[in-house]
Amino acid sequence: MRPLLMGALGAASAWCAPAPAAHLPQLARALGIHRRLPHRAGVALTFDDGPHPRGTPAVLETLARADVIATFFLVGEQVERWPTLAAEIAAEGHEIALHGYRHRNLLLRPPTTLSRDLDRAVAVIGQATGRRPACYRPPYGIFSTAGLVLARRRGWLPLLWSHWGRDWEGRATPAAISARATAGLMAGDVVLLHDADHYSASDSWRNTVAALPSILETVSDLDLPFVPVTQEA
Ligand SMILES: [Zn+2]
């Protein structure tokens with residue numbers, strides 16, 4: 001079983017786009033990586049790669065207007081650049097989760113380097129927000145064996161996503177992002193979006209912000225509550 005899993009992970013590492021493991025639900029399940037909410041109480045909106053000086057405030061404003069709570073998977077090196085924005089996310093009641101210190105593929109990082117990276121991210125995030133993340137999603141949605149072991153040792157929930165807007169792509173339109181993010185949505189689903197363009201097409205966050213009202217409306221029409229990823233609604 002193990003060589004098979006490692007082989008699949010090896011193949012996954014060759015993909016350039018974020019997140020192959022989300023396409024391999026059986027593999028994710030076998031490794032104990034969640035793609036949906038453990039408590040299944042509602043829908044979780046998740047934003048990766050921030051904070052961002054323009055994207056994060058625009059997303060926060062849209063969420064506040066609709067009184068919606070989301071989860072932000074912060075990158076340590078960006079929190080260092082924009083600590084006040086990270087603090088603002090926390091102050092508005094959103095869940096703070098971990099995306100790493102550097103935004104690099106885990107399969108290319110030795111365990112000791114990765115362990116230091118995670119500890120550094122937690123320290124930087126804690127200093128800026130006063131929070132300790134309880135949930136971890138690695139860059140590109142790619143877990144290495146070491147990444148999974150280190151996350152478990154620290155008591156973090158390893159979480160990918162069940163839906164995505166593919167909002168990092170330069171050609172993504174707000175309508176397409178919204179349609180992909182909400183297709184067949186039900187309680188327990190986790191939606192991946194990005195409030196930053198640090199690691200994706202330039203200005204991609206603008207399309208995300210433009211898509212958000214439609215995404216929020218669709219979820220509201222389905223009568224599903226928005227929930228943070230590690231807490232009951
Ligand atoms: Zn990312």
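This report describes the strands, the zinc site, the main pocket and some backbone features of a predicted model.

**Strands**

Strand 1 covers residues 44–48, and 5 of its 5 residues are buried. Ala44, Thr46 and Asp48 point one way from this strand, while Leu45 and Phe47 point the other way. Strand 1 has two parallel partners among the strands described here. With strand 7 (residues 190–194) it pairs over 5 bridges in the parallel sense, and alanine 44 stands opposite valine 190 in that pairing. With strand 2 (residues 71–74) it shares 3 bridges, again parallel, and here phenylalanine 47 stands opposite phenylalanine 72. Strand 1 and strand 2, together with helix 3 (residues 55–65), make a right-handed β-α-β unit.

Strand 2 in turn runs parallel to strand 3, to which 4 bridges join it. Threonine 71 has glutamate 95 of strand 3 as its bridge partner. From strand 3, Glu95 and Ala97 point one way and Ile96 and Leu98 the other, and all are buried.

**Zinc site**

The zinc ion has Asp49 (OD), His99 (NE2) and His103 (NE2) as its protein donors, at 2.0 to 2.2 Å. Their spacing in sequence is D-x49-H-x3-H. Aspartate 49 lies in the loop between strand 1 and helix 3, and histidine 99 lies in the loop between strand 3 (95–98) and helix 6 (111–129), so the pair ties together parts that are 50 residues apart in sequence. Aspartate 49 and histidine 99 are both buried.

The loop between strand 1 and helix 3 also holds proline 51. The peptide bond from glycine 50 to proline 51 is cis, with omega near 5 degrees.

**Largest pocket**

The largest pocket has a volume of about 160 Å³. It is lined by 11 residues, and those closest to its centre are Arg29, Ile33, His34, Arg35 and Arg36. By class, the lining comprises 5 nonpolar, 2 polar and 4 charged residues.

**Two buried leucines**

Leucine 185 is in the loop between helix 8 (174–182) and strand 7. Its relative accessibility is 9%, under the 20% limit, so leucine 185 counts as buried. Leucine 114 is in helix 6 and is buried too, with a relative accessible area of 1%. The table gives a C-alpha separation for each leucine.

| Residue pair | Separation in sequence | C-alpha distance |
|---|---|---|
| Leucine 185 and valine 43 | 142 residues | 8.1 Å |
| Leucine 114 and tyrosine 101 | 13 residues | 9.1 Å |

**Positive phi angles**

Most residues other than glycine have a negative phi, and most peptide bonds are trans. Against that background, two aspartates stand out. Aspartate 203 has a positive phi of about 65 degrees although it is not a glycine. The residue is in the loop between strand 7 and helix 9 (204–221). With a relative accessible area of 30%, aspartate 203 falls between the limits of 20% and 50% and is therefore partly exposed.

Aspartate 223 has a positive phi as well, near 65 degrees, and lies in the segment after helix 9. Its relative accessibility of 67% is over 50%, so aspartate 223 counts as exposed.

Note on methods
Residues are numbered from 1 along each chain as its sequence is written. This is a predicted model: local features need pLDDT of at least 70, side-chain atom pairs count only at pLDDT 80 or more; totals for chains, interfaces and linings use all residues. Side-chain values use heavy atoms; hydrogens and water are left out. Buried means under 20% relative accessible area, exposed over 50%, partly exposed in between (1.4 Å probe, protein chains only). Two strands pair if DSSP finds at least two bridges between them. A crossover is right-handed if, with the strands pointing away from the viewer, the path from the first strand over the helix to the second runs clockwise. Donors are N, O and S atoms within 2.8 Å of the metal (3.2 Å for Na, K and Ca); water is not among the atoms, so sites may look incomplete. On a 1 Å grid over the protein atoms alone, a cavity is a set of points where a 1.4 Å probe fits but cannot get out, and a pocket is an open set with protein on both sides within 12 Å along at least five of seven lines; lining residues have an atom within 4 Å of a point. Grid points are joined across faces, edges and corners, and a volume is the space filled by probe spheres set on the points. Ala, Val, Leu, Ile, Met, Phe, Trp, Tyr, Cys and Pro count as nonpolar, Asp, Glu, Lys and Arg as charged, and the others, Gly among them, as polar.
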